[in-house]
Amino acid sequence: MERVARIQRNTNETKIQLAFDVDGEGRSELDTGVPFLTHMLDLFTKHGQFNLSVDAKGDIEVDDHHTTEDIGICLGQAIREALGDKRGIKRYGNAFVPMDEALAQVVVDLSNRPHLEMRAEFPAQKVGTFDTELVHEFLWKLALEARMNLHVIVHYGKNTHHIIEAIFKALARALDEATTIDPRIKGVPSTKGML
């Protein structure tokens with residue numbers, strides 16, 4: 001069964017078309033209008049072995065906030081839709097990723113209970129033109145719409161670009177683990193009988 005989803009979101013601030021394939025090959029086609037976010041989504045796709053396409057038109061003349069937030073919303077919705085009833089998945093994922101001097105850890109539970117716990121400090125307020133506070137905004141909307149429990153811990157790091165890159169790579173690997181089908185699991189991995 002294909003685990004794919006296509007999401008379209010049109011508002012007065014953004015117009016987004018997004019397609020996501022859980023069982024991909026690390027291929028991305030990205031036109032976000034936000035170069036640093038494009039870079040992060042590209043490596044997220046590669047390191048999670050997903051396929052992701054994003055065509056986003058947003059009010060980036062104002063700033064990158066609405067576009068970043070709405071892509072997070074759409075990607076979260078796509079993950080949730082692609083996973084369906086979540087039968088047979090591992091459900092939990094955990095990854096540590098180093099990026100030079102930075103070390104990030106991401107732990108996910110595809111629990112249907114959205115929560116973001118983020119323990120990270122960014123030394124700089126911007127990477128290029130990208131406001132680093134938007135990382136939290138993106139991850140919170142992603143967790144909310146995917147309905148997952150998402151914990152992000154930066155153990156240490158000095159370079160803001162390296163820290164954020166480590167977070168996105170760790171997110172990819174943790175999500176890849178959590179979405180993996182385990183043939184030992186019969187039905188949904190919960191004593192409740194549903195997620």
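**Exercise 1. The surface and the overall build**

How much area does the protein expose, and what share of it do carbon and sulfur atoms supply? Then work out how the chain is built and packed.

*Solution.* Keep in mind that this is a predicted model.

- Step 1: the protein exposes about 9500 Å², and carbon and sulfur atoms supply 48% of that area.
- Step 2: turn to the inside. Of the 195 residues, 52% count as buried.
- Step 3: list the elements. There are 4 helices and 10 strands, and from the N terminus they run β-β-β-α-β-α-β-β-β-β-β-α-β-α.
- Step 4: check the packing. The radius of gyration is 16 Å, close to the 16 Å that the globule rule gives for 195 residues, so the protein is as compact as a globular protein of that length.
- Step 5: look at which parts of the chain meet. Among contacts with a separation of 6 or more, 77% are between residues 24 or more positions apart.

**Exercise 2. The nonpolar core**

Find the residues with the most contacts inside the largest nonpolar core, and the helix that gives the most to it.

*Solution.*

- Step 1: the largest nonpolar core has 59 residues. Phe20, Leu75, Leu139 and Leu150 have the most contacts inside it.
- Step 2: helix α4 (residues 160–179) gives the most to this core, with 11 residues.
- Step 3: zoom in on Leu139. Leaving aside neighbours within four places in sequence, Leu139 is in contact with Leu116, Met118, Leu150, Val152, Ile167 and Leu171.

**Exercise 3. Helix α2**

Does the length of helix α2 agree or disagree with the expected span, and is the helix mostly covered or mostly open?

*Solution.*

- Step 1: helix α2 covers residues 65–83, which is 19 residues.
- Step 2: at 1.5 Å a residue, α2 should span 27 Å. The end C-alpha atoms of α2 are 27 Å apart, so the two values agree.
- Step 3: α2 is mostly covered, with 15 of its 19 residues buried.
- Step 4: see what comes after the helix. α2 is followed by Gly84, whose phi is positive, near 55°.

**Exercise 4. The surroundings of Tyr92**

Describe where Tyr92 lies and what Tyr92 touches.

*Solution.*

- Step 1: Tyr92 lies in strand β5 (residues 92–99).
- Step 2: the relative accessible area of Tyr92 is 46%; buried means under 20% and exposed over 50%, so Tyr92 is partly exposed.
- Step 3: not counting residues up to four places away in sequence, Tyr92 touches Val108, Asp109, Glu177 and Ala178.
- Step 4: take Ala178 from that list. Tyr92 and Ala178 are 86 residues apart along the chain, yet their C-alpha atoms are separated by 4.5 Å.
- Step 5: add the side chain. A polar contact of 3.3 Å joins the side chains of Tyr92 and Arg91.

Definitions and conventions. Residues are numbered from 1 along each chain as its sequence is written. This is a predicted model: local features need pLDDT of at least 70, side-chain atom pairs count only at pLDDT 80 or more; totals for chains, interfaces and linings use all residues. Side-chain values use heavy atoms; hydrogens and water are left out. A nonpolar core is a set of buried Ala, Val, Leu, Ile, Met, Phe, Trp, Tyr and Cys residues joined through side-chain atoms within 4.5 Å. Buried means under 20% relative accessible area, exposed over 50%, partly exposed in between (1.4 Å probe, protein chains only). Helices (H or I, at least four residues) and strands (E, at least two) are DSSP runs, numbered from the N terminus. Contact means heavy atoms within 4.5 Å. A polar contact is a pair of N or O atoms within 3.5 Å; within protein, one must be able to donate a hydrogen and the other to accept it, and residues adjacent in sequence count only if both atoms are side-chain atoms. The radius of gyration is taken over C-alpha atoms; the globule rule is 2.2 Å times the number of residues to the power 0.38. Accessible areas come from the Shrake-Rupley method with a 1.4 Å probe; for residues, only the protein chains shown count as cover. The expected span of a helix is 1.5 Å times one less than its number of residues.
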